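User: Hey, I'm new to this one. Can you walk me through a few spots?

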Amino acid sequence: MDQKRQSRLNSEILGFSLFLAMLLLLASSLLLPLLETGGTALSLSARLLFKLAVFLLPVGLVRVSFSKIHMPSAPPARRSSAGGRLLIAVSSVGLVVILQILYGSVFPSSMTAMGVSRETPLGELVLMLFVYVVAPAVLEELYFRDTVMRALTIHRKLLALLISSLVFALLHVSFEQFPIAFLCGLVLGVAYLATGSFGYAVLVHFTCNLIWYAAEIVRAWSVQAYSIYMQAVFAVCVILLAAGIPTLKSTFGTIFEDREDAAPASYFWSLPMILFFAVAVLIPIVWQSK
């Protein structure tokens with residue numbers, strides 16, 4: 001298969017998978033309010049099932065399609081040692097959380113409310129942990145980094161990084177959350193490229209989610225303790241960010257370290273991908289105008 005045909009097929013399959021993810025996301029947004037009357041446990045269970053569908057079905061579409069047409073999709077190569085990859089991961093956690101704290105201080109409504117209160121039973125807290133912490137970390141990294149971004153490395157790595165971060169932000173279906181989602185997507189994407197590991201990308205995403213989940217629990221019990229907690233988190237994240245300074249050269253070097261036969265950026269565009277971007281921009285406009 002020639003490079004141009006391979007690149008176009010790659011884009012078409014990814015475009016169709018993104019359409020599917022968007023449709024499933026919209027369906028879940030319409031159905032979830034109907035299930036909230038059944039209680040918190042039912043609502044949380046439904047959210048978890050919808051998350052599984054929204055990401056696993058598109059991932060399955062891409063993987064099955066690629067296997068049938070024998071499309072190569074190799075993970076990024078690892079350049080760092082295990083210690084270097086860990087430093088990249090912890091510094092990425094520090095940067096993501098600092099960005100979220102700064103952005104949330106300017107746009108407080110952009111922060112996701114998980115619904116934790118003093119009255120929340122232990123069983124529901126555990127369910128929330130899976131819905132808001134574990135599931136997004138695993139499923140979103142599986143799709144956006146280990147599927148979309150990995151497939152896009154047929155082009156330049158910089159294009160793969162930008163496009164995967166863009167679709168990550170667009171699928172949050174919110175203009176207010178778009179900037180911070182895009183920035184976080186960039187950090188997660190760089191961590192994925194620099195470590196060459198899906199596991200480290202999940203670790204970064206999971207740790208960031210866990211920090212905010214713990215923050216909501218602390219705030220439910222004491223506003224004063226929440227203030228102390230956030231100050232401590234910010235200080236620790238500055239230290240974590242500083243820990244990654246020795247890996248900066250290696251980390252950013254991976255973004256521009258491409259294959260000699262990388263496909264031109266112009267080969268990326270296909271009708272399904274163009275339609276996805278058009279619909280993904282229009283939906284938040286219609287959604288937020290209601």
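What follows is a short chat about a helix, a buried charge and a surface patch.

Analyst: Sure. Keep in mind that this is a predicted model.

User: Okay, how many residues does helix α2 have, and how far does it reach?

Analyst: Helix α2 covers residues 40–68, which is 29 residues. From its first C-alpha to its last it reaches 42 Å, close to the 42 Å expected at 1.5 Å a residue.

User: What do the buried residues of α2 pack against?

Analyst: They pack against α1 (3–35) and α4. The buried residues of α2 include Leu44, Val54, Phe55, Val59, Val62 and Phe66.

User: And what happens just after α2?

Analyst: His70 sits there, with a positive phi of about 55°.

User: Switching to α4: is Glu124 buried or exposed?

Analyst: Glu124 is buried, and it has no salt bridge. This residue belongs to helix α4, residues 122–152.

User: Where's the nearest side chain of opposite charge, then?

Analyst: That's Arg47, 11 Å away from Glu124.

User: So which residues is Glu124 in contact with, leaving aside neighbours within four places in sequence?

Analyst: Thr40, Ala41 and Leu44. Leu44 is also one of the buried residues of α2.

User: New topic: which residues make the nonpolar surface patch?

Analyst: Phe175, Val281, Leu282, Ile285 and Val286 make it, and the patch is about 440 Å². Val281 lies in helix α10, residues 271–289.

User: Why does Val281 count as partly exposed?

Analyst: Because its relative accessibility is 40%, and partly exposed runs between the 20% and 50% cut-offs.

Methods. Residues are numbered from 1 along each chain as its sequence is written. This is a predicted model: local features need pLDDT of at least 70, side-chain atom pairs count only at pLDDT 80 or more; totals for chains, interfaces and linings use all residues. Side-chain values use heavy atoms; hydrogens and water are left out. Patches are made of residues with over 30% relative accessible area and no salt bridge: like charges are joined within 9 Å, nonpolar side chains (Val, Leu, Ile, Met, Phe, Trp, Tyr) within 5 Å. Accessible areas come from the Shrake-Rupley method with a 1.4 Å probe; for residues, only the protein chains shown count as cover. A salt bridge is a side-chain nitrogen of Lys or Arg within 4 Å of a carboxyl oxygen of Asp or Glu. Helices (H or I, at least four residues) and strands (E, at least two) are DSSP runs, numbered from the N terminus. Buried means under 20% relative accessible area, exposed over 50%, partly exposed in between (1.4 Å probe, protein chains only). Lys and Arg count as positive and Asp and Glu as negative; His and the chain ends are not counted. Contact means heavy atoms within 4.5 Å. The expected span of a helix is 1.5 Å times one less than its number of residues.
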